[in-house]
Amino acid sequence: MWRAQPSAHNEDEEDEQCLCQPWLFRFMDWEVMELESLYDLLQLPKGVEPPAEEMLSQGGKKRYLPPTSRKDPKFEELQKVLMEWINTTLLPEHIVVRSLEEDMFDGLILHHLFQRLAALKLEAEDIALTAASQKHKLTVVLEAVNRSLQLEERQAKWSVETIFNKDLLSTLHLLVALAKRFQPNLSLPTNVQVEVITIESTKSGLKSEKSVEQLTEYSTDKDQPPKDVFDELFKLAPEKVNAVKEAIVNFVNQKLDRLGLSVQNLDTQFADGVILLLLIGQLEGFFLHLKEFYLTPNSPAEMLHNVTLALELLKDEGLLSCPVSPEDIVNKDAKSTLRVLYGLFCKHTQKAHRDSTPRGAPN
């Protein structure tokens, strides 16, 4: 994917170019387009080395924290607070943690920490030297932790494998849960969230996706996200929903007219992501390579891929005021579809208004 650069053409010429029609690529030099068609959203940032394909089995996944996430002040503060809490708790045992990422994986410190917090004795060997014995020890500790937190294994945001493989996010989720359970007065930084890169091994090679991981909760009104206008609309003025839909559909059809497309049903026609991607391309000036999305999706997975790509584009452009689940769009949730289209509607109707406003004579 690459963005069209502004040129000196007038508006009529730009209208004729129909920048977002992906099928125009068949008339272009495919080798050149392969070089230029970089799907930036799914590229690893500098400083994050992709794994070799042989390191991941087919269908295997691994998460990475890009440097910007690791250096996030609130993320660093969370680790500092948790480390100081662990070291204070284990001070009588002369145990010192220097790295949550490197020191927690074998279950030794978690074993001592949980025994002190829960005031119980676990049936696990104190010293485990082999990988097999360390994993066994870790399994015993995590089973006890999950019972204490009243969590089933599938509910937990950690597992024996992720902790043993030094997954920092899983370790932090575990420690935050323990702190909330056994020391609720511990002052953790609120609303800690970081961007994560997930690498997956597929038949066609390595695939990467961005997501945001929420590590601690909101606590004050200042931390809370802004109220969603559509939550308020559906709750307080449901009789106005159809009028809003009609206004947005009219806006969408004006923009899609040059492509020979139209929308009659806002609730259903955006579920496969195709029209949404074409609309974003038309308004934001993106070229979308045919290999980056499914022009005629034949399965829910292909629809989900399209919608996820569209939401990533909107997020990068700052056009999503509230989080939207791609599954909700695919499942034809009207409120979620309106949230997505509303950002585009506001940006481009305001731009049209500014462009049509007469300007004063120059001095």
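1. Start in the small sheet. Ile-199 has Ser-208, in strand E4, as its bridge partner. Keep in mind throughout that this is a predicted model. Two positions before Ile-199 comes another pairing to look up: Ile-197 has its bridge partner in E4 too, and that partner is Lys-210. On the E2 side, Lys-62 stands opposite Ile-199 of E3. Ile-199 is thus named with a partner in E4 and with one facing it from Lys-62.

2. Now the strand pairs. Strands of a sheet pair through backbone hydrogen bonds, either parallel or antiparallel. E3 and E4 pair in the antiparallel sense, over 10 bridges. They form a hairpin, with 2 residues between them. E2 pairs with strand E3 (residues 193–202) in the antiparallel sense as well, over 4 bridges.

3. Put the pairs together. The result is an open sheet of 3 strands, in the order E2-E3-E4, with antiparallel pairing. Which strands stand at the edges? They are E2 (61–64) and E4 (205–214). Each has a single partner strand, so one side of each is left without a neighbour in the sheet. Neighbouring strands here are turned by 25° against each other on average, direction ignored. When you trace side chains, remember a general point. In a regular strand they alternate between the two faces of the sheet.

4. Move on to helix H6 (108–118). How many of its residues are buried? The count is 8 of 11, and H6 is mostly covered. The buried residues are Ile-109, Leu-110, His-111, His-112, Leu-113, Phe-114, Gln-115 and Leu-117. Two histidines and a glutamine are on that list, so do not expect purely nonpolar names there. What do these buried residues pack against? Their partners are helix H4 (73–89), helix H5 (100–103), H7, helix H8 (160–164) and helix H9 (168–182).

5. Take H4 and H6 next. Two packed helices are described by the angle between their axes and the distance between the axes. For H4 and H6 the angle is about 70° and the axes are 10 Å apart. That makes H4 roughly perpendicular to H6. Their crossing is left-handed. Trp-85, Ile-86 and Thr-89 of H4 meet Ile-109, Leu-113, Arg-116 and Leu-117 of H6. By class, this contact has 5 nonpolar residues, 1 polar and 1 charged.

6. H6 also packs with helix H7. Their axes come within 9 Å and cross at roughly 35°. H6 passes H7 in a left-handed crossing. From H6, the contact uses Leu-108, Leu-110, His-111 and Phe-114. From H7, it uses Lys-137, Leu-138, Val-141, Ala-144, Val-145 and Ser-148. The classes are 7 nonpolar, 2 polar and 1 charged. A general rule helps when you read such lists. An α-helix has 3.6 residues a turn, so residues three or four places apart point the same way.

7. Look just past the end of H6. Ala-119 takes a positive phi of about 55° there. Lys-121 follows, in the loop between H6 and helix H7 (131–148). Is Lys-121 buried or exposed? Lys-121 is exposed, because its relative accessible area is 61% and the cut-off is over 50%. His-111 lies 10 residues from Lys-121 along the chain, and their C-alpha atoms are separated by 9.3 Å. His-111, by contrast, is among the buried residues of H6.

8. Finish with H11 and H13. Helix H11 (residues 241–256) and helix H13 (residues 274–284) pack at an angle of about 70°. Their axes are 10 Å apart. That makes H11 roughly perpendicular to H13. H11 passes H13 in a left-handed crossing. Phe-251, Val-252, Lys-255 and Leu-256 of H11 meet Ile-275, Leu-279, Gln-282 and Leu-283 of H13. This contact has 6 nonpolar residues, 1 polar and 1 charged.

Technical notes. Residues numbered from 1 in each chain as written. Predicted model: local features only at pLDDT ≥ 70, side-chain atom pairs only at ≥ 80, totals over all residues. Heavy atoms only, no water. Axes fitted to C-alpha atoms, helices over the stretch in contact; angles between N-to-C directions. Parallel < 35°, antiparallel > 145°, perpendicular 65-115°, else oblique. Left-handed = near helix turned anticlockwise from the far one by under 90°. Contact = heavy atoms within 4.5 Å. Buried < 20%, exposed > 50% of the residue type's maximum accessible area, 1.4 Å probe, protein only. Pairing = 2+ DSSP bridges.
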